[in-house]
Amino acid sequence: MTEAMASRTWTSDEVASTFLGFFRARGHLLVPSSSLVPEDDPTVLLTTAGMQQFAPYFVGRREPPSPRLCSLQKCFRTTDISDVGDRNHHTFFEMLGNFSVGDYFKDQMISWALELVTEGYGIPQDRLWVTIHPTDEEAGRLWKAAGLPSERIVTDESNFWGPAGSSGPCGPDTELYYDWGREGCGDARCCGRQECFPGCDCDRFLEFWNLVFMQFFQDVAGSRTPLARKNIDTGSGLERVTRIQQKAGSSYETDLFLPIIRCAEQLAGVAYGASEHTDQALRVLADHGRAMTFLVGDGVVPSNEGRGYVLRRIVRRAVRYGRRLGIERPFLGSLVEAVAERMTLRYPALGSVRGDLQSIVRTEEQRFLSTLQTGLSVLERWIEEAKAEGRAELSGDQVFRLYDTYGFPRELSEEIMSEAGMTVAAGEYEQALEAQRERSRGAARFLVGSLSGESVQVSGQPPTVFRGYDGLKWGAGVLALDTDGRGISNLREGEQGTIVLAESPFYPEGGGQVGDTGEIATNRGTFLVEDTRRDEAGHILHVGRVLYGEIAVGDFADARVDGERRRDIMRHHSVTHLLHSALHLTLGPQAVQAGSLVAPHVARFDFPSDSAVTADQLEAIEDVINHQIRSDIPVIARELPFQEAISEGALAFFGEKYGDRVRVVSMDDFSKELCGGTHVRTTGELGAAYVAAEYGIGSGMRRVEVVAGRRAQELARARSRQVESIAALLGTAPEQIDERVQGLLEELREARRVVNRLESMMSRSQAAGLLSGAQVIGGVAVVTGRVEVGSMDALLQVKDAIEETLKGGVIVLGAVIDGAPQFVASVSKAVIRPGLDAVRLVKEASALTGGGGGGRPELARAGGRDASKLDLAISRASEIVREAMSGD
């Protein structure tokens, strides 16, 4: 431990409270940190900066609660994952910030910044340097006026913040640096050059606060015009300021990380500072422990997509570095506990859910541990083979196989390869991944056959106008016909094919909702629509067959959707929205949609969870849904600009692609989602809803099935009839079933107790008979024989009864159980020798009956197929004992 680590005078909590207290005293509203999962922008993976939650205020989409704001924001940056382990990089970090929305500007901000740094933090002014943009002469003058010497004001072309490739507010910024001096601190060494300034490649200067002056608006062409209302956006890393205040060699040596490092030290039995090899691994565990705790705390669960993949990657990277430290057992739950203990003061919610956080992390850890060693062995062998052949790279196919078979994220494999001086062949991994996706798509196409509609020839035709929101019938011209991927002019009776109309009331499969069915009729024929799809060009594809007559291109057709089926689908789509909100209320915001099916007979909803939904929770979910149904809430659909819809709080889903205008389906304040599906007019039209099932569908995923409307009525009737049928079988009334079943169970338990007593008596009786015929071979007591029992447990009871009297020796018993020979052998430890143990006895005996078995040298079991050879097999066991003893 260095002197710098031991001589802390500030805590990180004091740093945070000093910053926030400074700005609250100057009229700023303290805004709580938003989630790491951005609430207003489904196109962004994770929250990366303090200003992210305030962006709608800066662009005028929302009115801020105050023109002056401040916050301590949780942030996560994925670009640094592979670098974590050195002294400088982090994934999760906390960003202090103050913000002005059209209120104070540059002069006030610079004055306050110098005041906070020198008076609030007590940092000597001669340790402070700043950089400014070359064009921002005003900032230079203001820093000088505030008292900063001109020689410590440096121009830097990179001091400009603005949207990359898009439009939005922008402006110059000024960065504040702490000067460790030419003597340095820890590893923060000066290069020694006379011209060493902020921006130098050495570690003398530490940037700890960035002040952005949003004074222009930049259009997509890059042109800038002055803003009428100028804004301030600042960001100061808590980890960096804490390092300065604690004079620490790195942020890992501050009170933000040391408690977690101490935990990792105890788990691994190593000490931080002993070697760079172990220090790097301990830093990885400290950073990734914080990262996984806060990701899971904000509802992220491990998966192979998006945020879930980021979490999976850091968990598995942490497991690998734990293995490097010699930790073979699951340990990440202890790291999560240490993080929660350290951070609960600032984030109280961590304390109440730490058990859930540990459970999710442990499950993912154990999942990876089951394949880690095998995968590492495979990768190490491939690296050795490549080096022996003089190659410095592995194929992308090999790296993909590690991911596909052993769960190694690509980045983890590349990191291990880099440590060995290896790379992966460029582009080959993506080719292997795409090849697998193509195989999956091919399998899907095979399953749906010609109904996929992927090869329909509709070139040159405009997209179909969907009229299904307006009604179930619509008249339109036939634009195109297709069969077997060939464009044709007509379809005749009995022929299968696809029809494309100019307009259609048929809903094409999408957003989890199945496609409509129905009929398309002309004055010459009728076409049965068995499925409806949409192609990439926006054509609605009506797939089916001609019932009679013929259909021709150019015909005018009446399209009629199966109304009863559509209404069932609408009920189930609306109940899916109610279910989504009910899951949020009951289970928490982490119960986000990961997949859905909206069909006539059921609504299925998939969401991430490592544990089953309890019966009480399912009952609560059902109650919430039915309360909303009884309230008969209007279901309102509106088209809005995407950003306006998001600003109103509509749920959007990461990974989905949305256009500039979106359809928002609202049910009062209870539910609001972006959705293109069909819905009922009021929730009362659902009638009632029942949770039909809840079950797991794979690693970390659960599925809830709900039925509504007439399907709910059918389920209730079926369950009622089932109860009445059970009551009749039990000879009681439906309301007395529980009491009757409890009585029967008690009778069954008593009968089993009687049977067990009888079996015990029979076991002792048979044991006594066998003991009377015991042999002594080579001074060893040997009991063999055939017994009459009905189970392996009863056979073991006979063996135990013999052992109570025999007090050492050899026992080999056989019985025919359920028509098949079964064996058990016991050999006391004093008798075991080469050629004589329980495993050999049962293996050779059961082999004569066409079977096999195994176990321990003292106790083994086996089974066979030919019951007629049971006695022969038992006699062979006696021979084995005689042969072994004769050799002594």
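**Figure 1. V664 and its bridge partner in β26, L674.** The model is predicted: local features need pLDDT of at least 70, side-chain atom pairs count only at pLDDT 80 or more, and totals for chains, interfaces and linings use all residues. Residues are numbered from 1 along each chain as its sequence is written, and side-chain values use heavy atoms, leaving out hydrogens and water. Helices (H or I, at least four residues) and strands (E, at least two) are DSSP runs, numbered from the N terminus. Strands count as paired if DSSP finds at least two bridges between them. Four bridges hold β25 and strand β26 (residues 671-674) in antiparallel pairing. The two form a hairpin with three residues between them. In its turn, D668 has a positive phi of about 55°.

**Figure 2. Strand β25 and its pairing with β24.** Strand β24 (residues 635-641) runs antiparallel to β25, and seven bridges join them. E639 has R663 of β25 as its bridge partner. Buried means under 20% relative accessible area, exposed over 50%, and partly exposed in between (1.4 Å probe, protein chains only). Six of the seven residues of β25 (residues 661-667) are buried, so the strand is largely enclosed by the rest of the structure.

**Figure 3. R638 and E648, a salt bridge that starts from β24.** A salt bridge is a side-chain nitrogen of Lys or Arg within 4 Å of a carboxyl oxygen of Asp or Glu. By this rule the count comes to 58. In this pair the closest N and O atoms are 2.7 Å apart. R638 sits in strand β24 and E648 in the loop between α17 (642-647) and β25, so the bridge ties together parts 10 residues apart in sequence. R638 is partly exposed, at 31% relative accessible area. E648 also counts as partly exposed, at 31%. Elsewhere, salt bridges that share partners join E564, D568, R571, R710, R711 and E714 into one network.

**Figure 4. Buried salt bridges between helices.** R290 pairs with E239, with 2.9 Å between the closest N and O atoms. The link spans distant parts of the chain, 51 residues apart: R290 is in helix α8 (residues 276-297) and E239 in helix α6 (residues 238-246). R290 is buried at 0% relative accessibility, and E239 is buried at 4%. R312 and E364 meet in a salt bridge of 2.8 Å, N to O. Here R312 belongs to helix α9 (residues 306-324) and E364 to helix α11, 52 residues apart. R312 is buried at 10%, and E364 is buried at 1%.

**Figure 5. The largest nonpolar core, around W143, L176 and W209.** A nonpolar core is a set of buried Ala, Val, Leu, Ile, Met, Phe, Trp, Tyr and Cys residues joined through side-chain atoms within 4.5 Å. This one has 115 residues, and W143, L176 and W209 touch the most other members. Helix α11 (residues 349-388) gives the most, with 13 residues. Contact means heavy atoms within 4.5 Å. Beyond neighbours within four places in sequence, L176 has contacts that include A113, V117, L128, W129, W143, F208 and W209. Another core, of 29 residues, lies apart, with L583, A603, I629 and A708 among its members.

**Figure 6. An open six-stranded sheet with helices lying across it.** The strand order is β29-β30-β31-β32-β34-β33, with mixed pairing. β29 and β33 (852-855) are the edge strands, each pairing on one side only. Twist averages 20° from one strand to the next. β32 and strand β34 (residues 859-863) run antiparallel, joined by five bridges. F823 has A862 of β34 as its bridge partner. Axes are lines fitted to C-alpha atoms, for helices over the stretch in contact, and angles run from 0 to 180 degrees between N-to-C directions. Helix α20 (residues 792-806) lies across β30, β31, β32 and β34, at about 155° to β31. α22 lies across β29, β30, β31 and β32, at about 170° to β30.

**Figure 7. Helix α22 and its packing.** Expected span is 1.5 Å times one less than the number of residues in a helix. For the 17 residues of α22 (residues 870-886) that gives 24 Å, and the end C-alpha atoms are 25 Å apart, which agrees. Buried residues of this helix include L870, I874, R876, I880, V881 and M885. The buried residues of α22 pack against β29 (775-777), β30 (780-786), β31 (810-817), β32 (820-827) and α21 (838-847).
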